[in-house]
Amino acid sequence: MNNKTWIKLDNAALIYPAMLSKTTASMFRLTVTLTEDVDKELLNVALNNIMKRFPTYNYRLREGFFWFYFDKIDGHPEVTDDYNNPLLRIVFRKNNYYLFRVRVYKKRIALEIFHSLTDGTGGKVFLQTLVGEYLRLKYHISISYNEQVLNPDEEPTKEEFEDSFKSFTGSNGSLEKDKKAYHMKGIKEPVHILNIITGKMSIDSVKREAKKYNATITEFLTAVMLDALYDISRKEKNKKIIRVSIPINLRGLYNKKTLRNFSSYINVGIVPRNKKYTLEEIVLEVQNQMKDLLDIEKINTKVTANVELARNFFIQRVPNFIKKRVMRSIGNKKGDYLITTTFSNLGLVKLPEEMEEYITDINFILGRSKGTSGSVTGIGYKDNLYITFSRKIKETEFERLFFTKLVSMDIEVEIESNR
């Protein structure tokens, strides 16, 4: 078990403290809905039981002279009531300095995390382990622990705790140099408002349509999003490229088991033209671009460039108040500036059978982004796929067009919104 009083942020985590503002929180949310109302006090016991299994969750964010770093916390996190407006920025001092919070509303357990702590895959393991411990206490069942639902009584492994980006070395990396992408226009909501629309659909029905194009679910849904975005952009006579950013879990590619951040991304898109794209043409574009960008050498090049930038001799020695401005500028020019939206697909959740009978739904939501109007997520559980749009503008045209296109393909969609 890790007993260090402080640790460095991993490479992916470095950008998020620099990007923090009143309007941008760099957060995400995972939820599990149970068959019965949650016993809040028992969930609090379960939370405290698992904390020693996830050592990095016991650290707070501090700002040093040269870098941000994590500092050990002595205390216990507390489960709180959930609200209608999810993913409000965590005011750390009001949250006992924890970088996450667990919330409850009736049958729903929600985990909200500041991205410096971990990515969606790491957060998913934490929530699933928490729910597993709660169900064990509540119903006195035995849990078949695995890599997705950890045994709280086991010691954390070195591999789970490591910064896996440290394995990238070399000087052959290069940062992307793309042109600005199309951004949807709209009326901005107040900072405390995040509009959420979730479409629940059969995984088999989506697979059926994707198969017609010899595409994966991610390729197919990305193409449908680009098709919807293209329809919107044509009305605005847009000339900029339309790009969807797709986060990539690096653990499988590099055989890593870290529960900290270990992901990258690829950006795929279509260039506006006079003639309307067919969906088949867009799917082919997405497939060709993804095949090219997912080449292991290209991923190595991209990740190495980011790692080496942080290791740069001069950057290491620049005071943090200057470094924050530089990183914020890089984040603006290399982040949302280059994309229209994000589609983060966590894939199919597979839980031990003894847990599944108590869980009806699972969801995943991204928080407000600085430069784009919103983001899209996907997650599967049992027979259902959940596609969730989160946005900071009032207009719902993107969601409406996307789900309408799916319905026109005989994919039944059940819509749920927080408005």
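Which residues are buried in helix 13? In this predicted model, the buried residues of helix 13 are Phe398, Glu399, Leu401, Phe402, Phe403, Lys405 and Leu406. What covers them includes helix 6 together with strand 8 (195-202), strand 11 (341-349), strand 13 (374-381), strand 14 (384-391) and strand 15 (413-417).

Two of the elements just named, helix 13 and helix 6, can be set side by side by their spans and by the residue with positive phi that follows each of them.

| Helix | Residues | Number of residues | First to last C-alpha | Expected at 1.5 Å a residue | Following residue and its phi |
|---|---|---|---|---|---|
| Helix 6 | 217-235 | 19 residues | 28 Å | 27 Å | Lys237, near 55° |
| Helix 13 | 397-408 | 12 residues | 16 Å | 16 Å | Asp410, near 65° |

In helix 6 the reach from the first C-alpha to the last is close to the expected value, and the reach of helix 13 is likewise close to its own expected value.

Helix 6 has 17 of its 19 residues buried, so it is largely enclosed by the rest of the structure. Part of its surroundings is helix 8 (residues 279-293), against which helix 6 packs at an angle of about 125°, the two axes lying 9 Å apart. Since angles over 145 degrees count as roughly antiparallel and those from 65 to 115 as roughly perpendicular, helix 6 and helix 8 are therefore oblique to each other. Their crossing is right-handed. On the side of helix 6 the contact is formed by Thr218, Glu219, Phe220, Thr222, Ala223, Val224, Leu226 and Asp227, while helix 8 contributes Leu279, Ile282, Val283, Val286, Gln287 and Met290. By character, the residues of this contact comprise 9 that are nonpolar, 3 that are polar and 2 that are charged.

Strand 11, which is among the elements covering the buried residues of helix 13, contains Ser344. Ser344 is buried, its relative accessible area being 9%. When its neighbours within four places in sequence are left aside, Ser344 is in contact with Pro247, Phe364, Leu366, Val376, Thr377 and Gly378.

The loop between helix 11 (320-334) and strand 11 holds Leu338. Is Leu338 buried or exposed? Leu338 counts as buried because its relative accessibility is 0%. Although Leu338 and His183 are 155 residues apart along the chain, their C-alpha atoms are separated by 9.3 Å.

Key. Residues are numbered from 1 along each chain as its sequence is written. This is a predicted model: local features need pLDDT of at least 70, side-chain atom pairs count only at pLDDT 80 or more; totals for chains, interfaces and linings use all residues. Side-chain values use heavy atoms; hydrogens and water are left out. Axes are lines fitted to C-alpha atoms, for helices over the stretch in contact, and angles run from 0 to 180 degrees between N-to-C directions. Helices (H or I, at least four residues) and strands (E, at least two) are DSSP runs, numbered from the N terminus. Angles under 35 degrees count as roughly parallel, over 145 as roughly antiparallel, 65 to 115 as roughly perpendicular and the rest as oblique. A crossing is left-handed if the near helix is turned anticlockwise from the far one by less than a right angle, and right-handed if clockwise. Contact means heavy atoms within 4.5 Å. Ala, Val, Leu, Ile, Met, Phe, Trp, Tyr, Cys and Pro count as nonpolar, Asp, Glu, Lys and Arg as charged, and the others, Gly among them, as polar. The expected span of a helix is 1.5 Å times one less than its number of residues. Buried means under 20% relative accessible area, exposed over 50%, partly exposed in between (1.4 Å probe, protein chains only).
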